[in-house]
Amino acid sequence: MTAAGLDLADLSLVDAADAVRKGEVSAVSLLEACLANLDSHEAAVNATIWVDKEAAFTAARAADAKRAKGGPLGPLHGLPLAHKDMYYQAGRLSSCGSAIRRDFVPDYSATVIERLSAAGAYAFAGLNMAEFAQNGTGHNRHHGDCHNPWNLSYITGGSSSGSGAAVAARFTFAALGSDTGGSIRLPAAANGVSGIKPTQTRVSRYGVMPLSFSADNVGPLTRTARDCARIMSVIAGHDPRDPTSAEMPVPDYEAGLTGDLRGVRIGMPSTYFLDEVDVPVRAAIEASTSVLAGRGATIVPLTLSLMDAVATYAAAVSRVEGATIHAEWMRQRPQDFATHINARMFPGYAIPATYYVEALSRRGPILKEFAKEVFSQVDLLVTPTIRTCLPTLAATDIDNGPPGTEQVALGISTNTRPFNYLGLPSMSIPCGFDPNGLPIGLQISGRPFAEAAVLQAADAYQRDTDWHARRPAIAAV
Amino acid sequence: MSEKTKFVNHMVASISTWHGVQPPNEVALRMLGDLEKLIRDFEALRGTMRFEDEPASFEAALVEAASIGVRA
């Protein structure tokens, strides 16, 4: 908090970075602001697994010294960031939210961590997450459940639970999450922040804990769409160390944020994504389309014919791949997983290889058919990120809940998982609050590699709304 | 013994045989039973699509689909 009463951690990432570049604030003061919020509220939120304050102050002082010397500064110069605890940093803990890797210290760093560092940012904490990134709620038996800053009894969404909560609580300006079935977009929606899952292959996964080879994605959670654009411009692009990363050129995402949506056609599907949607969620989404239309977009009702296939195949792929990666531990030390984790993986061993191959073989043809059906009519899709009002931690606690709790917990990702199977860029931004005072997320999705269009629509929406700027009043514990 | 129990027992035996993994808890058995829905969903898709004859990759499909519907 400054003498004027301004909490510097309330700045957006872009505003904070620009303030450092201009010399209006110091990197040390930004770090102090984030740590002050962390010290005040971490006991309630439980968003972190580790915090390295000493290294953080060393990095912040070095950033201020570099600026004082003059010379070029990166677009994230002097910013304290924190990431889901599955991004490898040489010599630092990377627990992956697990007991099994509680002491795992990698000897190399993820490409995205190196790119953020080259842009001037540094990481000061590892954030809480679902164990091995395998739930959509934010429960964690080993490191403690992460709590929603808007109401501590409610889920944060997962698996990037700490990423969503830490950004909302002003512990950090941005956090990397990962998204295999919605794990960036769900916590973005639940915590009232902005998060983008890029196109499959758009961002390097080198040095990032795998869950599902086919569906894992790396992306940021931030306060605003513009913040996401800046991070994406830094981390996107081919990486020789990740041969699955695309060799597509990376645009200047921020430069495309004009606020003008004239000529943009936005589809609102009437099928699948609104099935059994809660009334407040539907109302928020419909109100959002009016805002987008006010910026010049044309809203087009859509009927989608392929969603049954997409949902079915998506369920098979991620289950099999997750079970495969963890097979050795499932044989030798299954008790070291939480109940809801090993229970979720177990059915993956029963799915026949022919189903798995069918799901993967049809992925490309389905994507092309989906694109012809949808993107010949519209440029973007808008849907709810989560169909229901946000549930409580208790209502989704598989380990301690009655039979049927698993259906509630797994249902959280019904609207997000299809975009992982299709590989499309998809973003969640805040678009309102439900009757319990918990955020509602608007999901915007586009063509492959059309992150710029997704970000442009999200930014345009945020120019006329203030949901993204609201700050939770975190209850004391 | 119910049909569901028979299904679960059969799957448990299959998993043990093929993978050497044992059911870790009751929740796992419940979720294993839910695979009946996945089987029905796959059954419903039978005959709706064909495999591509030529070599293909999802990465290539992403690039191809990127330009579908793009207006000049």
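This is a conversation between a student and a tutor about a predicted model with chains A and B.

Student: How do you know what confidence the predictor has in chain B and in the complex?

Tutor: For chain B the mean pLDDT is 93, and 100% of its residues reach 70 or more. For the complex, the predictor gives an ipTM of 0.96 and a pTM of 0.97.

Student: Let's start with one residue. Why is A:Y355 called buried?

Tutor: Its relative accessibility is 13%. Buried means under 20%, so A:Y355 counts as buried. You will find A:Y355 in helix α12 of chain A, which covers residues 353-361.

Student: Which residues is A:Y355 in contact with, leaving aside its neighbours within four places in sequence?

Tutor: Look across to chain B: the contacts of A:Y355 are B:I39, B:F42 and B:R46. Within chain A, you can also compare A:Y355 with A:V317: they are 38 residues apart in sequence, and their C-alpha atoms are 8.7 Å apart in space.

Student: And A:V51, what makes it buried, partly exposed or exposed?

Tutor: A:V51 has a relative accessible area of 32%. Buried needs a value under 20% and exposed a value over 50%, so A:V51 is partly exposed. A:V51 sits in strand β1 of chain A, residues 48-51. Beyond its neighbours within four places in sequence, A:V51 is in contact with A:L38, A:F124 and A:A125.

Student: Now for helix pairs. How do you know whether α2(A) is roughly parallel or roughly antiparallel to α3(A)?

Tutor: Two packed helices are described by the angle between their axes and the distance between the axes. Here α2 (residues 27-45) and α3 (residues 53-69) of chain A have axes that come within 8 Å and cross at roughly 155°. Angles over 145 degrees count as roughly antiparallel, and therefore α2(A) is roughly antiparallel to α3(A).

Student: Which kinds of residue make up the contact of α2(A) with α3(A)?

Tutor: They divide into eight nonpolar, no polar and five charged. On the α2(A) side, A:L31 and A:E32 are among them, and on the α3(A) side you can find A:F57 and A:R61, among others.

Student: What makes α13(A) and α4(B) roughly parallel?

Tutor: Again, take the angle. The axes of α13 of chain A (residues 363-375) and α4 of chain B (residues 58-65) come within 8 Å and cross at roughly 10°. An angle under 35 degrees counts as roughly parallel, so that is the name for α13(A) with α4(B). The residues of this contact divide into six nonpolar, one polar and three charged. Those that meet include A:L367 and A:A371 from α13(A), and B:F58 and B:L62 from α4(B).

Student: Which residues have the most contacts inside the largest nonpolar core?

Tutor: Those are A:I235 and A:F370, in a core of 139 residues. Helix α9 of chain A (residues 307-325) gives the largest share of this core, nine residues. A second, separate core has 41 residues, including A:L35 and A:F124.

Student: One last helix. Which residues of α1(A) are buried, and what do they pack against?

Tutor: In helix α1 of chain A (residues 13-22), the buried residues are A:L13, A:V14, A:A16, A:A17, A:A19 and A:V20. They pack against α2, α3, β2, β4 and α7 of chain A. Just after α1(A) comes A:G23, with a positive phi of about 80°.

Key: Residues are numbered from 1 along each chain as its sequence is written. Chains are lettered from A and ligands numbered from 1 in the order in which they are written. This is a predicted model: local features need pLDDT of at least 70, side-chain atom pairs count only at pLDDT 80 or more; totals for chains, interfaces and linings use all residues. Side-chain values use heavy atoms; hydrogens and water are left out. Helices (H or I, at least four residues) and strands (E, at least two) are DSSP runs, numbered from the N terminus. Buried means under 20% relative accessible area, exposed over 50%, partly exposed in between (1.4 Å probe, protein chains only). Contact means heavy atoms within 4.5 Å. Axes are lines fitted to C-alpha atoms, for helices over the stretch in contact, and angles run from 0 to 180 degrees between N-to-C directions. Angles under 35 degrees count as roughly parallel, over 145 as roughly antiparallel, 65 to 115 as roughly perpendicular and the rest as oblique. Ala, Val, Leu, Ile, Met, Phe, Trp, Tyr, Cys and Pro count as nonpolar, Asp, Glu, Lys and Arg as charged, and the others, Gly among them, as polar. A nonpolar core is a set of buried Ala, Val, Leu, Ile, Met, Phe, Trp, Tyr and Cys residues joined through side-chain atoms within 4.5 Å. pLDDT is the predictor's confidence in each residue, from 0 to 100.
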